[in-house]
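The exercises below are to be worked with the sequence and the coordinates at hand. Each task is followed by a solution in steps.

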Amino acid sequence: MTNRPLGTTGMQVSALTMGCWEIGGLAWGPMPAPEAVDLVRAVADAGITAFDTAEAYGNGRSEVILGHALRDRRDEVTFITKTGYLPGVDGAQMLLDEQPQDYRASSIRRACELSRQRLQTDYIDVYLLHDPPMEAVMREEPFAELRRLQDRGEIRAWGVSSSPSVVAEAITRWGAEVVETPLNAANPQAAAELFPVAAASGAGVLARSPFASGNLILTPEQRRALYAGDWRNFHDPERVAADAIVAERLEALADMRDEAVTDTAIKYVLGHPEVSTCIVGISAVAEIAPNVRAAAEPYLDEQSRSQLTGDA
């Protein structure tokens, strides 16, 4: 597994990061805790050393599993976690017209302490505000608190996880050191809205959702077989239909390259030099080797990426 620089933070991260929402066991279906622990350890054994989680994933369960699974390998791994959603949201998003969030300094400070306890660590490598709206990013309070946590050694780097325009504003206004945002062939906006800003500032870019939450790779049969409480069952039908058009282009390009569709989707993301790592959800040991294979060069060049997004 290749390592790539996390912007100018001085940290290196594996080209793939394990997305750990699934092991929270709510929004993606149940997963027994011992099984989740074994999965995390198998991922680390395969050379994926960065793990992206949040206090909201399973309402702390994901962090607890990571902390237990990797407590003897702390110096080998990078913990990325997030704060902002109030407890109780994960797994119930579809019930709420507006999800409760809190970016006050006191809440960030307390959340960081609890995350460190669950992760069994004295420090968090990357601490991000989780999906803040633009109005929250315009306020200094949350960023002043992130800097205080960094000064006290409780976090190594800080930033924002949100849409490309919101995280770009966090870089421009406050100097966010690391940002996380969606990037895939159906949602390529980060390339235009974020990457020039990130490159100029040296911010590390964590690219998530390479498969558009499954819309680019799930067959109709696989979608019908999803766990009833899986949050993907509640996607906007218009979004699913629009992504299906891109999925056809992705499949055609994968066939031309003689590789799996998932390979092409990941190579699209890692083909952008501004990306530090591609976050991939992994929910079974059998998924590890194919994802590791997909992270190997060569990646998609600019012409192939444009062809895939319909810009060519």
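**Exercise 1**

What is the handedness of the β-α-β unit made by β4, helix α2 and β5?

Solution. The model is a predicted one.

Step 1. Locate the elements: β4 covers residues 50–52, helix α2 covers residues 61–69, and β5 covers residues 78–83.

Step 2. Check the pairing of the strands. β4 and β5 are parallel and share three bridges; within this pair, Ala50 is opposite Thr78 of β5.

Step 3. Apply the criterion: with the strands pointing away from the viewer, a path from the first strand over the helix to the second that runs clockwise is right-handed. The unit of β4, α2 and β5 is right-handed.

**Exercise 2**

Find the strand that four bridges join to β5, and follow the chain from β5 to that strand.

Solution. Step 1. The partner is β6, residues 124–130, and the two strands run parallel with four bridges between them.

Step 2. For one position in this pairing, take Thr81: its bridge partner in β6 is Tyr127.

Step 3. Between β5 and β6 the chain passes through helix α3, residues 105–119, in a β-α-β crossover that is right-handed.

**Exercise 3**

Why is strand β5 described as largely enclosed by the rest of the structure?

Solution. Step 1. Use the cut-off for buried, which is under 20% relative accessible area.

Step 2. Take the two sides of β5 in turn. Thr78, Ile80 and Lys82 are buried on one side, and Phe79, Thr81 and Thr83 are buried on the other.

Step 3. Six of the six residues are buried, so β5 is largely enclosed by the rest of the structure.

**Exercise 4**

Which strands pair with β9, and in what sense?

Solution. Step 1. β8 (residues 178–182) is joined to β9 by five bridges, and the two run parallel. Thr181 has Ala207 of β9 as its bridge partner.

Step 2. β10 (residues 277–281) also pairs with β9 in the parallel sense, over two bridges. Here Leu206 is matched with Thr277 of β10.

Step 3. Check the cover of β9, residues 204–208: four of its five residues are buried, and the strand is mostly covered.

**Exercise 5**

Is Glu22 buried or exposed, and is Pro220 buried or exposed?

Solution. Step 1. Place the residues. Glu22 is in the loop between β3 (16–19) and α1 (33–45), while Pro220 belongs to helix α9, residues 220–224.

Step 2. Compare each relative accessible area with the cut-offs, under 20% for buried and over 50% for exposed. Glu22 has 10% and is buried; Pro220 has 52% and is exposed.

Step 3. List what Glu22 touches beyond its neighbours within four places in sequence: Trp28, Gly29, Met31, Gly281, Ile282 and Ser283.

**Exercise 6**

Where do the buried residues of helix α13 lie when seen down its axis?

Solution. Step 1. In α13, residues 302–309, the buried residues are Ser304, Arg305, Leu308 and Thr309.

Step 2. These buried residues fall within an arc of 130° seen down the axis of α13, so they line one face of the helix.

Step 3. Recall the geometry: an α-helix has 3.6 residues a turn, so residues three or four places apart point the same way.

Step 4. Turn to the face away from the buried side of α13, which carries the exposed residues Glu302 and Gln303.

Step 5. Identify the cover: α10 (237–257) and α11 (261–270) are among what covers the buried residues of α13.

Step 6. Look just past the helix: Gly310 follows α13 and has a positive phi, near 85°.

Notes. Residues are numbered from 1 along each chain as its sequence is written. This is a predicted model: local features need pLDDT of at least 70, side-chain atom pairs count only at pLDDT 80 or more; totals for chains, interfaces and linings use all residues. Side-chain values use heavy atoms; hydrogens and water are left out. Buried means under 20% relative accessible area, exposed over 50%, partly exposed in between (1.4 Å probe, protein chains only). Two strands pair if DSSP finds at least two bridges between them. Contact means heavy atoms within 4.5 Å. The arc is that of the directions from the helix axis to the C-beta atoms.
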